[in-house]
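This report goes through the overall fold, the nonpolar interior and two unusual backbone positions of the structure shown below.

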Amino acid sequence: MKVLIAGSTGMIGSLVMQHCLQSNKITEVRTLVRKASLNEKNEKLNETIVSDFEDYTDVSAVFENIDIAFFCIGVYTGQVPATQFEKITVNYAVAFAQALQNQATNATLCFLSGAGADRTEQSSTAFARLKGMAENKIAKTGLTFYAFRPAYIYPVTPRQEPNLLYRVSRLCYPIIKLFGKNASIKSTELAKAMFTVGLNGTDKEILENRDIIQQLQSVE
């Protein structure tokens, strides 16, 4: 099977990529990146440098014969201006899905969305409204599509947290975890669940945090 990943240098995308590289069911892993990786060397891995994540015309061949695609590009609220936030959250994701549908109609697409994504597109919260919008537009492509909506994602590997909220959340994770399966998930758990669903499918298009955890429990 051939896999395509957008966001392979991010927290979740990089973990998904490792699952793909280690799986004997995956013969090729293609990634879309802004610049070549200096660290990751694997005979399965083929990187394609992309300058514009809204237009894949010049690299459309990378979508050909793809069986499973993972879209893990995202940005945290407040990191960029509102117009850029919408561009990354909606336009990048939809352009990826449309390019995939054009070249690999039978592919499965796993989309990293977020808890609270609002498919009515009426939420006053930009994150919820735009993630819901992206889900709606991707669903219309007709691809086999799964939207993953994690709650707080605990980074198993320490990182530079993007803002104060995430720094506090990391410190408070032992408490957050007590609130159960709707409240949080480890980065490693989310990545494994995305890989597993991409490979095997599931009966739900939308997977909330609890559903993602249940996917892991069903294969253990």
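How many helices and strands are there in the protein chain? The protein chain holds 7 helices and 9 strands, where helices (H or I, at least four residues) and strands (E, at least two) are DSSP runs, numbered from the N terminus. This is a predicted model, in which local features need pLDDT of at least 70 and side-chain atom pairs count only at pLDDT 80 or more, while totals for chains, interfaces and linings use all residues. Residues are numbered from 1 along each chain as its sequence is written, and side-chain values use heavy atoms, with hydrogens and water left out.

**Overall form**

The radius of gyration of the protein chain, taken over C-alpha atoms, is 16 Å, which agrees with the value near 17 Å for a compact globule of 220 residues; the globule rule is 2.2 Å times the number of residues to the power 0.38. Along the principal axes, the C-alpha atoms fill a box of roughly 45 × 40 × 35 Å. Of the contacts (heavy atoms within 4.5 Å) with a separation of 6 or more, 66% are between residues 24 or more positions apart.

**The nonpolar interior**

Buried residues make up 48% of the 220 residues, with buried meaning under 20% relative accessible area, exposed over 50%, and partly exposed in between (1.4 Å probe, protein chains only). A nonpolar core is here a set of buried Ala, Val, Leu, Ile, Met, Phe, Trp, Tyr and Cys residues joined through side-chain atoms within 4.5 Å. The largest such core has 36 residues, of which Leu32, Tyr56, Phe63, Phe71, Phe96, Leu100 and Leu109 touch the most other members. Helix H2 (82-103) is among the elements that each supply at least two residues of this core, and the largest share, 11 residues, comes from H2. Not counting residues up to four places away in sequence, Leu100 touches residues including Phe63, Ile66, Leu109 and Leu143. Apart from the largest core lies another, of 30 residues, among them Cys20, Val29, Cys110 and Leu216.

**Two positive phi angles**

Most residues other than glycine have a negative phi. Asn65 and Glu121 are listed here with their positive values.

| Residue | Phi | Loop between | Relative accessible area |
|---|---|---|---|
| Asn65 | about 65 degrees | strand E3 (45-49) and strand E4 (68-71) | 55%, exposed |
| Glu121 | near 60 degrees | strand E5 (108-112) and helix H3 (126-139) | 28%, partly exposed |
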